[in-house]
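Colleague: Could you take a close look at one part of this model for me? I would enjoy a connected account, with the cut-offs spelled out as you go.

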Amino acid sequence: MRIDRQQTDRNVIEQKIRQMDITLPPPESEPERQYYFMKKLQGIVEERKRQLGRPLFANITTFGCQMNARDSEKILGIMQMIGYEETDSAEADFLLYNTCTVRENANLKVYGRLGQLKKQKEKNPDMVIALCGCMMQEPEVVEKIKKSYRNVDIIFGTHNIFKLAELLAMKFFDTGKQKKMIVDIWEGTTEIVEELPNERKYFFKSGVNIMFGCNNFCSYCIVPYVRGRERSREPEDILAEITCMVNDGVVEVMLLGQNVNSYGKNLEHPISFAKLLEQVEQIEGLERIRFMTSHPKDLSDELIEVMGKSTKICRQMHLPLQSGSSRLLKIMNRHYTKEDYLLLVEKIRKAVPDISLTTDIIVGFPGETEEDFEETVDVVKKVGFDSAFTFIYSKRTGTPAAAMDYQVPEEIVKKRFDRLLATVQEVSADRTKRAVGTVQDVLVEEVNGQDASLVTGRTSQNYVVHFAGSPSLIGSIVPVHLDESRGFYYMGTQAASREAE
């Protein structure tokens, strides 16, 4: 059954649910509606657990960005409230892929996994397979799944993550002889529903959505088409959520949005991202603030000034470059030049001298010449990025770049990619050596996976540090002397004082 947002979604769903013998409550707020369905499902789950003589397990696999990771925490929270327990095993009773579609390889991974699940579903017909996320916002993808992967039970998109319990109820209460695939994809929405359960991966840090969508329409990017237009949350809602997190033990938050620098522009009472940061900093007990992602064209002098004065905003910024060629940047619809970017970096480094700058770079964008590529290498050397995520251009159907002429031959792209990667690694190694011998405050995150005598954490600059320590330090911020740089991480020793150099 396809439930279309354009067909007055709520009326259609309620009609289907009435056919399934579910008594709906009177109209109420969306969170209350979803809690109602969670409660209805609890009884079903308890009965199934009794019949099987074991718990029911849910496996949530996340592809893509931090926003997807945050969405998966909400999905897991909903499933746990219903009565499921988390598992890493694919032999789960409920299996969900939260998908990404920024690059074609991400789509291929999902198709591959769905193919592997066919036999598993045959062995366990009661297993529920669900798909959500950006990939599901592409109509051709959904049609392919409906035709070739009939083992999938539920498909929903990026705009209605909060409706998982309702969709699952429709699945469980479907008494038909042939269980139908439930497809609920919204083309867009103005709704923001955040007041639902979530299960954080870490007790001491968390992502916080401050806005959704993107208005930039970079010519290579599919995000505006699958995430929709920009929608900002009200600042008081964000502050209330963070305050609750801090009361629950969180010391670090990451403010999330496709372009956080555009935050607040579409609110009834507009507020700048810099002003929001100042308000977040006032929350007592919160020790660290991170954010991503920043678009260079919207990064204001006000924000740079706030970062320079702040005692809580981490000394790190992810600032996607994409290309060092002003000619290509114009074709990419990025709205800045190479010179603009370098000037921006100069301002940031002047205000925050110890900042760590990371970036994204695309190699092989249509029409990229050797001169264009050399311009990118030049920017990498001049900026001195602490690290860079380098990508080979991936054609995304529906974006302007996909139809452009002068696609760069694969063999040339591969050679350029290898050269850029070598340059990035050389520059990054030089940058990280500068911190050796200093004492840095490190938020301890976990026991080291390779050596249980070590713990691993991150500095304000987001440098990874391994040092000897007890698991009891997890969630604490401790001073660590950085003894040695090993490229992408440091080996350190816990210091006596919390005074970072």
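Modeller: Happy to: I will start with the whole chain, go on to helix 9 and the loops around it, and end with a few other spots. This is a predicted model, in which local features need pLDDT of at least 70 and side-chain atom pairs count only at pLDDT 80 or more, while totals for chains, interfaces and linings use all residues. Residues are numbered from 1 along each chain as its sequence is written, and side-chain values use heavy atoms, leaving out hydrogens and water.

The protein has 14 helices and 20 strands; these are DSSP runs numbered from the N terminus, with helices being H or I of at least four residues and strands being E of at least two. For its 501 residues, a compact globule would have a radius of gyration near 23 Å, and the value of 24 Å agrees with that. That radius is taken over C-alpha atoms, and the globule rule is 2.2 Å times the number of residues to the power 0.38. The C-alpha trace spans about 65 × 60 × 50 Å along the principal axes. Buried residues make up 57% of the 501, where buried means under 20% relative accessible area, exposed over 50%, and partly exposed in between, using a 1.4 Å probe and protein chains only. Of the contacts with a separation of 6 or more, 74% join residues 24 or more positions apart; a contact means heavy atoms within 4.5 Å.

Now to helix 9, which covers residues 273-281. Its buried residues are Phe273, Ala274, Leu276, Leu277, Val280 and Glu281. They cover an arc of only 155° around the axis, which puts them on the same side of helix 9; the arc is that of the directions from the helix axis to the C-beta atoms. As a reminder, an α-helix has 3.6 residues a turn, so residues three or four places apart point the same way. What do the buried residues of helix 9 pack against? Their partners are helix 8 (235-247), strand 11 (252-256), strand 12 (288-292) and helix 10 (301-309).

The loop between strand 11 and helix 9 holds Asn259, which is buried at a relative accessible area of 0%. Beyond its neighbours within four places in sequence, Asn259 contacts Met211, Asn216, Glu230, Thr293, Ser294, His295 and Asp298. Leu299 is 40 residues from Asn259 in sequence, with their C-alpha atoms 9.7 Å apart. One of the contacts of Asn259, Thr293, lies in the loop between strand 12 and helix 10. The peptide bond from Met292 to Thr293 is cis, with omega near 10°, so please check that torsion is kept as you prepare your files.Two other loops hold backbone details. His335, in the loop between helix 11 (326-331) and helix 12 (338-351), has a positive phi near 65° although it is not glycine. At 54% relative accessibility, His335 counts as exposed. Tyr406, in the loop between strand 15 (387-392) and helix 14 (410-433), also has a phi near 65°, and Tyr406 is exposed at a relative accessible area of 68%.

Finally, Ile44 is found in helix 2 (residues 30-52). Not counting residues up to four places away in sequence, Ile44 touches Phe172 and Phe173. Ile44 and Phe173 are 129 residues apart in sequence and 9.5 Å apart in space, C-alpha to C-alpha.
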